Amino acid sequence: MKRFYLYIAIIPLFFLAGCESDDDDNGKIPDEVEQDEEYYTGGKMGTVFVSSSRAYKQAMPAIDQDAQLFQQFMRGERLADRSFVTNEGMGYSGLGPVYIRKSCVACHPSYGGRGQRVEKFDTNDSKNSYLLMIYDPSNPALPLASKYFTGMTQTRAVAPFKAPIDESGVKLTWHQYTDEYGNKYEDGTPYSAGTSYEGTLIYPTVEVDQGAILFKDFDMSKHAASIEATIGIYGTGLLDAISDEDLRAQYAEEQARGYCPGKIGADIDETGLNPYYPGLHPGRFTYLCTRATLDNGPGANALWNITNVTRPDRTSNYMTEEYAKVMSEDADVQTALGQTAEQIFNDLWSKSLKPEMTQEDYDAFMVWHRGLAVPAARNLDDETVQRGRTLFYETGCTACHRPSWTTRADYKPLPAISGQKIYPYTDLLRHDLEMKEPGRTKLGCRTTPLWGRGLMKVVSGHSDMLHDLRARNYEEAILWHGGEAKPAKETFRKMTKEDRTALIRFLESI
Amino acid sequence: MKKYLLKCMFTLAVILMAVNFTSCSDDGDDDGPAVENKDEAYGNILKSYVNTTVIPTYKALAEAALEMRVANQALKENATDANMEKAAAAWIKARIQWELSEAFLFGPVSEDHLNIDAHIDSWPLELEEIKKEIGLTEGRLTGERAWKELEDEVIGFHVTEYLLYREGKARPVAELTEGELNYLTAATDALVWDCVLAYVAWAGEENVSAAIKDVYHENADIVSFLESENASIKNFGSKLSSADSYSSWESAVEEIIDGAIDIADEVGATKIADPYSNGRVEDVESWYSWHSLDDYTNNIYSIRNAYLGGEGMAGSPTSVSLSTFVKENDAALDTEIKEKIEDCIKKIQAIGDNGSLSFYKVVEAKSKGDASRQAIVDAAVDACSAVGDSFGKIKELLK
């Protein structure tokens, strides 16, 4: 009830303040007025007041207020929900010839609930949202393995084609880890006290059997493998609406301040790929910031490269030339298709395949993708949550988990979400947390947006976090912070139980 | 999918005007019932919802699936047209119960947990894979293998529908091959286990009959899936009734509201408007049995049951429900919601001239340029949206 009245009190202030940005105050504990503004985590046009299991599936008010956009959103949602199939004429056709998953929802349950930590790499397990990565350990950014494998490794194929890796040969192992404090807080309390895994930390390693690899001249012993879990889709439209200038300014500020200097994603030329914003843009999406804008982002590409369903702007197969060669020379494939190696290769490697998805459907998919709302914050006026907020700021968490941004004034793809003050709690830059066995994220992992994460237990029934889901709760996610973030983790370790609880309550509320 | 923020902002604007004339100094007099009483009221609504609507619906689904199994087994043993008709009727009976559950597609059946929704209601089908499996002469499909190894696109309601129906009618039994009959019974076993699993997960094994327990224990993989891999979702009805893991009682009650809004929007915008506007017959649900409009109507009955309490197509309102809460706090809204639900049902049925025309045919005609039913379809879509809008207003009463 209190919250409701506070809203009322601040509305006139909004009118007076207009769109004036106060993003410079990100390191200061916000006053009461701003704390109440923060209930609108995704801004007025990007937030929904839903805290049930459907919290991550909702359309933004920006979509809801426009009948055509809403219809496209619902169509897009259907495209994300459905599995693509190989046979034509059933709708949702075009799966394969080689692929990673059949649907978006296979890796994005509830569109942001995240999959769960699993013991076995089985892409038919709905809980497994991991992508398999094969890379050169001396250069995890991809290059060496890419002659053979696509950036996200494909483990499935439509007969007669064969998967680049037989996933039964992927061995996922979870190891116990003990930190220098014996997995205990300063006050002697074991980590995750009261749980079945009290006093433990775990991390994964991945091995791939040489025999499971399709390419005979690929030497797995000279490569490394890791797993990366998908992240939430909701709110990505708002992150896309942050201007490059603001992102670059954040980067410059971090370089100048003398601690926790984040790395900005390399510039990517989006000319011809992003109809709204062609030209160079710094990477801001994916763990390694390898995608710059939503219209050429992880989702826009995943719709094609996860399923290999072609569309007007993606008229080739997502595969390596090496794969096309090996398949075209495979006797089983030649026999099954009744074609020569040259015919098979030319078809697989064609750059002008017939689109299997219409532009209209793709546009609807992007409306859905861009339009998924952020759930509103909860209980911010609770005394413990307030204490947690103070601790979050005092501990220095905001150095990387930047609380707020204001979206650009003229976001062309969805003008209604322009000028929104949003609270994602990320700087969109990469930081090295020096985790044990970090996989590719040893190059630095993008600061994870924290908004909405507190609803994971309600949505998904678990709270597995970090890039490989090694953290089983908020405590562990904080405790895995090393490297640049170690001082903050140390402060957390030394807190009283009450303060640790308060900090986590705050995280659960935003 | 929608409505929440705008409703909230509208309310704020209204109250903002009011605030100019009152003050915030009073910290409770206008808050309605004391918090403790509200929490108790929410708890009672949730208990009623779980015990009179959700669990009885899943019980009926599990029992209907078992009838389907008996009918399909009889068909396999004695392939006559009469048995085919019985098997097709049993499919419809189970299908009705599934559609009656679609206002509560969260918790155990969702993709985050047991993924039963995808397992038994996937569309489209991977027909080539199905045909390949049917064609096997050795190592034929068993229920155990169907449940454990086959992917969503080759099992479930629509696969059994594909085997039993064509163009809205039961197939002539002479068309069915031995391989198809085997596939039908195996896929039905998998369907039975999924339906029983949903029921047991919501109700708790200790609360189901001995007969259901026996079916639950027929397949060790089913038991292990719930007991070992998804233990956190066991007895979900009890957890929801006590708002376990929710941030507040209101959030738990929101499940009822959000479930209703989601399926209302899905029926209107996704199931009806989308295929009709694009002429996509492949997006018409239950396209072999032509049962789509009944599916959609039953989805709205599911909303009605979630709101009024009780179960089944006929409904059986209970003395404690979300409706009684709304009525106590805003009688006009309660009346509005009930009227919108009834109006929606009538308008969906009108799309097919109350049973004489399938939605498949309506969409097919549209794809060939006949848009004569546009206004009737639009009215049904608007009616679905109106149901969602009305449910969105309930959230204001929870604050």
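In this predicted model, residues 1-35 of chain B have pLDDT under 50 throughout. The model nonetheless places 44 contacts beyond four places in sequence for this segment. Across chain B, pLDDT averages 91, and 91% of the residues score at least 70. The model as a whole has an ipTM of 0.90 and a pTM of 0.92.

Chain B contains 17 helices and 2 strands. The radius of gyration of chain B is 23 Å, and the globule rule gives 21 Å for 399 residues; the two values are close, so chain B is as compact as a globular protein of that length. Along the principal axes, the C-alpha atoms of chain B occupy a box of roughly 80 × 55 × 30 Å. Buried residues amount to 54% of the 399 in chain B. Contacts were also considered by sequence separation. Of those in chain B between residues at least 6 apart, 79% link residues at least 24 apart.

Chain A comprises 16 helices and 14 strands. Its radius of gyration, 23 Å, is close to the 24 Å given by the globule rule for 510 residues, so chain A is as compact as a globular protein of that length. The box filled by the C-alpha atoms of chain A is roughly 75 × 55 × 40 Å along the principal axes. Of the 510 residues in chain A, 55% are buried. Among chain A contacts with a separation of 6 or more, 69% involve residues 24 or more positions apart.

Methods:
Residues numbered from 1 in each chain as written. Chains lettered and ligands numbered in written order. Predicted model: local features only at pLDDT ≥ 70, side-chain atom pairs only at ≥ 80, totals over all residues. Helix = DSSP H or I, 4+ residues; strand = E, 2+ residues; numbered from the N terminus. Rg over C-alpha atoms; globule rule 2.2 N^0.38 Å. Buried ≥ 20, exposed ≤ 12 C-beta atoms within 10 Å, placed from the backbone. Contact = placed C-beta atoms within 7 Å. pLDDT = per-residue confidence, 0-100.
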